[in-house]
Amino acid sequence: MADSPSNNSWSSDRGAYIEPRASSKEWLQQNVLPTRTKTVTYVKSLFPIFTWIYRYNWTWFVGDLVAGVTVGVVVIPQGMAYAKLAQLSPEFGLYSSFIGCAMYFMFATSKDITIGPVAVMSTLMGHILQDVMPHLPQYADQPWVVAGCLSVVLGCIVTALGLLRLGFIVDFIPLPAIAAFMTGSALNIAMGQIPTLMGNNTAKGYNTRAPTYLVFGNFFKYIKHCDINAAIGLTALFLLYAIRAACKYGARRWPKHEKAFFFATTLRTAFVILLYTLISYLANRNHHDHPRFSILGTVPRGFKHMAVPTVNSNILSEVAGKIPSAIIVLVIEHISISKSFGRVNNYTINPNQELIAIGVTNIFGPFFGAYPATGSFSRTAIKSKAGVRTPLAGLITAAIVVIAIYALPPVFYYISNALLAAVIIHAVGDLITTPKTIRSFWRISPFEFIIFWAGVIVSVFSSIDNGIYTTVAASGALLLFRIAKARGKLVGTVRVYSSHHQQHLASDSKKIQTVAVEADAGAVVSTGTDADRVPNLGGQRRVFMTLDGAAEGASPTVRPEAPPAGIYIYRLNEGYLYPNAVHFTDHMVGEIKAHTRPGVLNPYGSLGNRPWNDPGPRHKSESDIDASLPLLRAIVLDFTGVSNVDITSIQNLVDVRKQLDRYADAEVPWHFAGVKSPWIRRALVAGGFGSSGSSTRTVFSVANIGGSDDRDVRDAGAAGDAGDPRWRRSVTKLADADGREPSIESLLVPMLSSSHPFFHFDLDEALEAAELELGLK
């Protein structure tokens, strides 16, 4: 509209809004400098236990007791098995299991997660020790010292990330990268355990720590060395899968007993270990010195390796290159698991606090003899299904582990190594990405599908840490490519109507032909042309969509209408930053030049001033220009999707403005719609945008903030003083449209500052302002 406010509603003298300039001091106060309230909130957030412990009750305790005992029974054999993956004695797995469960509850924001030794981290720890121990001969008999040192360093780094609230960094590692890392690791671990399962791992020259493909190939080379351990390992593995399959079938067949089948399948590992340990005891009780098959052997009772961790430059210099991959494994496994179970069980975790929990656990773990630990997927799933109510269940699990450390070492002596290999293979099998998920990767994003397979292949043919680096680097490169190659679109308008019925608008406005769609045939069938049968259409509105409407999923029969000749609306679909600034503007300039003609035939004057790369004939004439094309008159930029700008991007806009001014041989006005951040507006103003020497705001988006009449009055008002009668006419016109008189209690105020007339609330206002400024309305 082209009117100005009346004295009864809003006037430039009484209600004008001038936006204060965003200041650096204000930014520092809002984002950097802590207030007392923020400091108190931050300190309280470090110990989430105090937000729920005072509400603890017997119902919660029963759920925690069942879950804690269930997980405790599972973590004992798993912990010892995973310690062997880390090339450490079995007791170190128990130490790590204890400290992870005992400390996590104080810092937890997830009730389900269980911290302790896991297959992937243990395997990576084993590879690290294999690489660095030859360079640290003084610790040849004490590899746990190196593991403890690494644990403290990792814990300090991860804790610092949490305290500095840098948990968002984890979000830069996408799902395909995590899936590739987990799948590659699972294949690596399973293949490395098959020789132990079959008994030929002791064959001379057989390196089970080599890349997966070599371990696989060498297995057949040394298959003749398989022995009775294969009978133990294969039957145990078969029994583990058989029990799980039977319990799944039983839960489907008898759903009333689903809970009983769940506990049966959960305790299958403990049952199989007890069964085969009994068999081992009967077979080897009289053969301590020469057991008939490979057994675990002596496990010391109690915490025999409690000590202050050794952290020195010798160890740090050797493990420094392994720290990045270890941190990635430590963090992404825990955070991805905790987020997943948070979504499943309808609560939200705090990634920063979870980093602190992991970090503190790994800092204090080596004091008890633990090595690096993180969240376990299998034990977390068990804990969740067992009905855990609070993180305090971890204390119960820790108590079970302590009992095992002091009471069960004589039993541990007879556990078969082939049996532990079967337990590990069975556990890591669930980490392999399913074919259904892999197919979904291809359907959603073929590029990420390729990244997934690249990570798996590198993990199989090289190592787990190289696989991690490959997927993270490739995902980062893809992200940067997508940002840098982001491309905007020219936008047009479509007049749309609201309707709750399927109908077809005939070209004759007096005839509206309703239609019905046959669901089976998909055919459109006419049901009548009588206007009385047609439901009234809702209010019409103007929507903005790309001139290539099909790109937005619109029907190909919908043809967006281009803005008036010489006005171009360009939508930026990404953040406007230095990686993509030139790409955005080059595309925009190219589109504008393709649809307009230059304002002057030869803007350079003489032939000598003409750039060498300016295409066209030597001497241009009027016939070289398409006179049917319009001149460039105004540009509207849709900044709705832009969250940040920087110096490079703003300078690029300044340069493009000068370029297009020369091209049009006139000062082309630039309008901006949807600029939501005061910092973006400040940057644009610093670049000379938002206003010009002679411009005044031609269109105001106003809001009714007073009175009993709350009808929608938008995009109303034009520059002028408060007494301009055009405003009264516009209000009367709005009132007549819906049959009501304008309320004298209404108070209309502008949505945006009047100091920058080229900043607009939305595209509707921006386009109308450009049309008014050019005299097209």
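Here is a short chat about helices, cores and burial in a predicted model.

Guide: Local features here need pLDDT of at least 70, side-chain atom pairs count only at pLDDT 80 or more, and totals for chains, interfaces and linings use all residues. Numbering starts from 1 along each chain as its sequence is written, and side-chain values use heavy atoms, with hydrogens and water left out.

Visitor: What makes H17 a helix?
Guide: A helix is a DSSP run of H or I with at least four residues, and a strand is a run of E with at least two, numbered from the N terminus. H17 covers residues 393–407, which is 15 residues, so H17 qualifies. The protein chain has 27 helices and 13 strands.

Visitor: How do you know what span to expect for H17?
Guide: The expected span is 1.5 Å times one less than the number of residues. For H17 that is 21 Å, and the helix reaches 21 Å from its first C-alpha to its last.

Visitor: Why are Ile396 and Val401 of H17 called buried?
Guide: Buried means under 20% relative accessible area, exposed over 50%, partly exposed in between (1.4 Å probe, protein chains only). Ile396 and Val401 are among the buried residues of H17, so each falls under 20%. Their helix's cover includes H4, H5, H16 and H18.

Visitor: What makes the largest nonpolar core a core?
Guide: The term means buried Ala, Val, Leu, Ile, Met, Phe, Trp, Tyr and Cys residues joined through side-chain atoms within 4.5 Å. This one has 120 residues, with Val146, Tyr371 and Phe412 making the most contacts inside it. Helix H14 gives the most, eleven residues. A second, separate core of 32 residues includes Tyr570 and Phe639.

Terms used: Contact = heavy atoms within 4.5 Å.
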